[in-house]
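Biologist: I am new to this model and would like a close look at one part of it. Please start with how far it can be trusted.

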Amino acid sequence: MRTVKHVTCPVCGCLCDDLELTIKDEKVVKVKNGCALCKAKFLGYSKHRVLKPLVRKNGRFFEVSYEEAVSRAAEILTEANYPLLYGWSMTSCEAVSAGIELAEEIGGVIDTTSTLCHGPSTLGIQDVGISSATLGQVRHRADLIVYWGSNPLIAHPRHMERYTIFRKGRFQKEKRKLIVVDVRKTETAETADIFLQIKPNMDYEVLQALRALIRDQELDVDEVAGIPTERLEEIADTMVECRFGALFFGSGLTMTRGKNRNIDAVLSLVSDLNKLTKFIAMPMRGHFNVTGADMILTWQTGYPYAVDFSLGYPRYNPGETSAVDILLREESDAALVVASDPVASLPRKAAEHLAENPLIVVDPHMSATARMADVVLPSTFVGIESGGTAYRMDHVPLPLKKIVEPPEGILSDEEILRIILSEVKRKKAEQMENP
Amino acid sequence: MKVILVTGRTVKQGFWKEYGKFSKAYMESVSVCYMDARDMERLGIKDGTNVQVSTKHGSTILKALKSTRGKHSGIIFVPYGPWINGVVDPETDSVGMPSFKGTQAEVEPAPEKPVLSLEELLKKQFRKLNR
């Protein structure tokens, strides 16, 4: 029995780095400091594993060697005209980097799960700009916290305990004030000082009303999205009167009517507030390395997600080069999915076309997407069986640890992608020689 | 009954997905529809009755559960997952993001219709598994 300290958690965008794991016979048997989601992952990850590469023949899976599976994968990718490389948010930055190289080599589109969570936030940030901070600054200085369309007690269970409401800061000893805006009284809303239950699809109106009130303009309506104007005035006053406000927003803004325009409005509100006090905004990023995938794509291609290499150089136009749109228009003719389960998470019409494509899946689990695959390449769990780097939601990079040995012979995402890449290059060179 | 469909994360969905998507616990945590108690009364259904949730994009059978999240009459909440993804609006409004929250939907009692397992659901929805 041994213990490993200061382990980074590979579950959500909080990347808590204070876990203490007890290991017995190369299995995690105890998790200290982790939340329910963290414990579920460390204690449950070894179930439903795929331990041999699989290739589909006549509708059925057959166990094959990595060599054979990689050769089939490389064949699919080199033959394709417009392959889609999707996923990337639950693996290391090093694997993402290899994936981008592969996308460029085969002239494909690489898109991340950002497209389904905070893609609209990125568009909003590109339009308006963002005043932000690290979570450490929020923890030590913020006296007002706002969660808008976000339920951290469920999706980021230790966010409030580590950085906001349930934590004293070096320069913030008194209890902080909490405002929650949502369409339901969520678990997080139960703990709020002020809870605004607004009508669905009306966040944009409420945000713009608050902007008007903050500039001392009068509203000539009695209510906005079901909230009396007087109550909105009270919120506007609370925001203006704080010393350091931090507004965290979730997919309650990005997935509803308005999408990126809601983000324009929320970032403009924060920008307005900065003329009167100190205020920051931050998207509540979901998967543990979705921020890292954005970062690596940005520094290697110039764009954060939905990058199209089909013309030989990177192009970015969400709505055209984003995964869901490509799938709905039935344009892709092959797909590689890494560290994600789009068959379970995309709207069905998009998932249907993905399944119809010759499909390669790199995943440790038998996921719904792996179930549809033509080639399954089993991989290690990043942050448990292999190391790497991940970015926290506030863009702080943290090391992921290798804690236990992977099952015998199982490779990491990065290793698998590098082998596919060299096999693709070899096949292309061969074609050049014998056209 | 006309409602607005909101999909999102729940603790059970987040917990059981780590144990594998084909587990019964994952299915039971995701193939559910949280409803306001008054809406359930209006539909004449009990906690645990199956309902059919439909939009113009498709329909699905889920188990209705009484919401513990305050009053939200006119809104149903369904955890993210393959059961509801056939029903949400795939339209991305040219920004890449489908409409997972805030879709107009219809809920009706369906006590005689079963909730499908993930394997049954995939076989029903995807041609590839039937070749």
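Biologist: What pLDDT does chain B average?

Modeller: Chain B averages a pLDDT of 93, and 100% of the residues score at least 70; pLDDT is the predictor's confidence in each residue, from 0 to 100. This is a predicted model, in which local features need pLDDT of at least 70 and side-chain atom pairs count only at pLDDT 80 or more, while totals for chains, interfaces and linings use all residues. Residues are numbered from 1 along each chain as its sequence is written, with chains lettered from A and ligands numbered from 1 in the order in which they are written. For the complex, the predictor gives an ipTM of 0.94 and a pTM of 0.96.

The part to look at is where chain A meets chain B. Their contact (C-beta atoms, placed from the backbone, within 7 Å) takes 56 residues from chain A and 42 residues from chain B. On chain A, several helices (DSSP runs of H or I, at least four residues, numbered from the N terminus) each supply at least two residues of the side that touches chain B, including α1 (36-44), α4 (119-128), α14 (323-328), α16 (348-356) and α17 (368-372). Of these, α16(A) gives the most, with 7 residues. By class, this side of chain A has 26 nonpolar, 17 polar and 13 charged residues. Here Ala, Val, Leu, Ile, Met, Phe, Trp, Tyr, Cys and Pro count as nonpolar, Asp, Glu, Lys and Arg as charged, and the others, Gly among them, as polar.

Conventions. Contact = placed C-beta atoms within 7 Å.
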